[in-house]
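Subject: Structure handover

Hello,

Here is the structure you asked about. Please open it alongside this email, and my notes follow underneath.

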Amino acid sequence: MSRKHHHVVGKNIWKVDGRRLVLGVPAFTTDFPQKGMLIGKILGSPEAHARIRSIDVSEARAIPGVHAILTHENVRGLSAWSEGAPDRFPRVAYTRAGQDYVEPSPWDFFLLDSKVRHVGDRVAAVAAESEEIAEEALAKIRVVYDTLPAVFTPEEAMREGAPIVHDEPEIERAVDPSRNLCASVDVTLRDLEAGFGAADEIVESVYRVQRVQHAQLELHAAVSYLDPDGRLVVICTTQVPFHTRRQIAQALGLPIGRIRVIKPRLGGGFGGKQEMVLEDICSALTLATARPVRLELTRYEDMNAVRSRHSMTIRLRTGTKRDGTLTAIEMAALVDAGAYGSHSPTVPTNTGNKNLPRYRCPNVRYRFDAYYTNLPPTGAMRGYGTPQGSFALECHMDEAAERLGIDPVAFRLRTTVREKDADELSPHIYEVKKENVPEDERIAWTFASCGLHECIEKGAEAIGWSEKRKAYDAWNAKKPLLRKGIGMAAVSQGSGVAGIDTAGATVKLNEDGSVAIYAGAVDVGTGGDTALAQIVAETLGIGVDDVAVYTSDTDLTPFDSGAYASSTTYVSGGAALRAAEAVRAELLAAAAQWTGSKAEDLALEDRHVVGRAGTRVPIREVATFLTYKKKIQVEKTATHVSPVSPPPFGAQFADLEVDMETGEVRVVEFVTALDVGTVLNPKLAEGQVHGAVSMGLGYALTEELLFDERGRPRNVGFLDYKILKATGMPKMRTIFVETYEPSGPFGVKAVAEIPTNGPAPAVGNALRQALGVRLRDLPFTPEKILRAIGRM
């Protein structure tokens, strides 16, 4: 169908859950208390690396109102949990990374263990009648630790004879725990050294990116209880309800069918909730007490003991011809996995394979090594490894352009990919060489849609690149105290995980022609439910108001991998489209039978079945005919898995000022030009861009998780961890360069993550013009800037 005929797709439809959120109707996990609910609390380790010599809970257990205290002594059985021993749990290694089964992340975590591996690691869990009683019980648990030597950087962890973070025999899938090596990849396309041999110029640089936190407003929380049939119900802040259900089952030794996981609305996720953070231990407390339990982390726990973006040191070496032609690129990342390996085999793959294929280069090598350390574990975060590589590669490409004397915009127009080019790298490392894909089937992935060059050109025009570039050079040459700079970055991402992400959706037709969607998809607050409603409404020729959306309940909705990898609209939307198309086919067949027409001569438009001769029959009447005359409940379920992950592309531009006396940076204007295929809902998409740019600018300028020499967090809360406020945001402009992606519903690609990738390199490249020196270490704090220009 031509886009000009779309009545819902491409329109600014209000969020389907907007009204209830604005009115404050109970919507979030902690809005659902249960009768007789206990409060759960977790005792975190004060040590970065230690064995628990003894743990005495007798005094805490004697406090009135304390109903359960779990320690590693409750987690030593070999058999599954049973009602006969409700406070005994099996010792089972598992991962908490919310990924498809079998997870690529190592199984290196236990419900509770006798060894702690980072400050804040679980030592004990309490369930009590009130928060005050639970806090009192935590204070009275006596623990004696045997402190062990610790490692806090990958460089320390990889040294010969370094302390071993994981020496337990049960660990699975880590590359070499005896060397603290969690995960590793090394892939070369063609002849790297021949490529460097053919180069006229070779540029080498090292970049460092820091740990940052999701800083979502809603804290991690869970409410668990037993329903009247004795089944475990868990309401929780998760982006992956089906993976969480499976992981709870594995951790506690329960059948999957005995568990129901419900995701209500989310107050932000950004990847941090693609992880089973506390659902397993909250469920254990419910099983141990047979009472409902609510467990919610504090801001300190949420920030410092959960997950963060991986810090990395990235080395790049690039060979070029004098005309800018790339002959070879080598990228190597040294990665801090933290104490557990959640997502550490997969996040660093994106550092390479979501960035390097953006450039036309025949000879490429990408490798990474991720090491365990005694800092809190790292994990999924918006961009999933891409922002780290984007910062390094896009700053590096500016350095290469500068060496050749080519304008950065012109350099990228010469070197970046176009439609019908191919990504040869990703199939070799995707999801760390997924076991079920034979090597000879790892063919190059062709870009069926690519508007990257148009994004670069339109973005440059919008920010006034050519004029400002020259004007700022002239301005800065006068050595004023306020310097100016303009910088850019090309960006790319993916749309779901090809061949892995699975989504199911059911569309049920009501007798009045309205429908209900039941989907496993997870709306993380970005409008996923609205996108599904738009796709179904467009397919059936009805209004969004005619669509009721029910999502994220493992008992009621079909399986869905969850909300990550920019997958909801592309993958879950694909399932909703297929289910709606099946309903449409049955509606048209019934209408044809009723009217004596051919189904192929009929269409659904404006709540009517429309014939070629102009006949119009309300869909409501056809639905009534199906229900009451034909006695048929029309309900169709579809499952969708995409064999490709088409990249959205884009270009981002930063215009900034630097105070040369204080080192403070003020981003004045920021332009984002994106090819995300068809824009399903422009306002919601623009909102995604604004949020992502805000996160990207915080990554560039202010945010960093810090630790002292004993691995203790130094960021207590938002007073110590600096995220940008609305008043600190620049003037922002978003340009959508629409293409049509044939594999996506109505031509869509993803928009959620890609705008996070460009702010840091765009700011870094703008600072190069403003300061006259190159900074390669995030974040660009005033202190680093003053040191770089020799004023500190």
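Below is what I found, taken topic by topic.

Keep in mind that this is a predicted model.

**Cysteines**

How many disulfides does a search of the whole structure find? Zero. Take C361. Its closest cysteine sulfur belongs to C450, and that sulfur is 17 Å away. A disulfide needs the two sulfur atoms within 2.5 Å, so the distance of 17 Å is too far for a bond. C395 is in no disulfide either. The nearest cysteine sulfur to C395 is that of C361, at 19 Å. Both side chains sit inside the protein by the numbers. C361 is buried, at 12% relative accessible area. C395 is buried too, at 0%.

**Helices α10 and α19**

C395 also turns up in a helix pair. Helix α10 covers residues 386-404, and helix α19 covers residues 759-771. Their axes come within 8 Å. They cross at roughly 35 degrees. Is the crossing left-handed or right-handed? The crossing of α10 past α19 is right-handed.

Which residues make the contact? From α10 they are S390, F391, E394, C395, D398 and E402. From α19 they are A760, P761, N765 and R768. By type, the contact of α10 with α19 has four nonpolar, two polar and four charged residues.

Now α19 on its own. The helix has 13 residues, which at 1.5 Å a residue should span 18 Å. Its end C-alpha atoms are 18 Å apart, so the two values agree. The helix is mostly covered, with 12 of its 13 residues buried. Among the buried ones are A760, P761 and N765, and each of these three is also in the contact with α10. Further buried residues of α19 include V763, L767 and L771. Right after the helix comes G772, with a positive phi near 80 degrees.

**Helix α15**

Helix α15 runs over residues 528-540. Its 13 residues should span 18 Å, and the end C-alpha atoms are 19 Å apart, which agrees. How many of its residues are buried? The count is 13 of the 13, so α15 is largely enclosed by the rest of the structure. G541 comes just after α15 and takes a positive phi of about 70 degrees.

**Cis peptide bonds**

Two places to look at here. One cis peptide bond joins Y101 and V102, with omega about -5 degrees. V102 is in the loop between β3 (66-70) and β4 (115-116). Another cis peptide bond joins L778 and P779, with omega about -10 degrees. P779 lies in the loop between α19 and α20 (782-788).

**Positive phi outside glycine**

A215 has a phi near 55 degrees, a positive value in a residue other than glycine. The loop that holds A215 runs between β8 (201-209) and β9 (221-226). A215 counts as buried, because its relative accessibility is 11% and the cut-off for buried is under 20%.

K631 has a phi near 60 degrees, again positive in a residue other than glycine. K631 sits in the loop between α17 (619-629) and β25 (635-640). Is K631 buried or exposed? K631 is exposed, with a relative accessible area of 63%.

**Two buried loop residues**

F89 lies in the loop between β3 and β4. At 1% relative accessibility, F89 counts as buried. What does F89 touch, leaving aside neighbours within four places in sequence? Its contacts include L70, W81, L111, L252, A284 and L287. The C-alpha atoms of F89 and E73 are 9.3 Å apart, and the two residues are 16 places apart along the chain.

G271 is in the loop between β11 (259-262) and α7 (279-289). G271 is buried, at 11% relative accessible area. Not counting residues up to four places away in sequence, G271 touches H214, Q239, A380 and M381. R358 is 87 residues from G271 along the chain, and their C-alpha atoms are separated by 24 Å.

Best wishes

Methods
Residues are numbered from 1 along each chain as its sequence is written. Side-chain values use heavy atoms; hydrogens and water are left out. Buried means under 20% relative accessible area, exposed over 50%, partly exposed in between (1.4 Å probe, protein chains only). Axes are lines fitted to C-alpha atoms, for helices over the stretch in contact, and angles run from 0 to 180 degrees between N-to-C directions. Helices (H or I, at least four residues) and strands (E, at least two) are DSSP runs, numbered from the N terminus. A crossing is left-handed if the near helix is turned anticlockwise from the far one by less than a right angle, and right-handed if clockwise. Contact means heavy atoms within 4.5 Å. Ala, Val, Leu, Ile, Met, Phe, Trp, Tyr, Cys and Pro count as nonpolar, Asp, Glu, Lys and Arg as charged, and the others, Gly among them, as polar. The expected span of a helix is 1.5 Å times one less than its number of residues.
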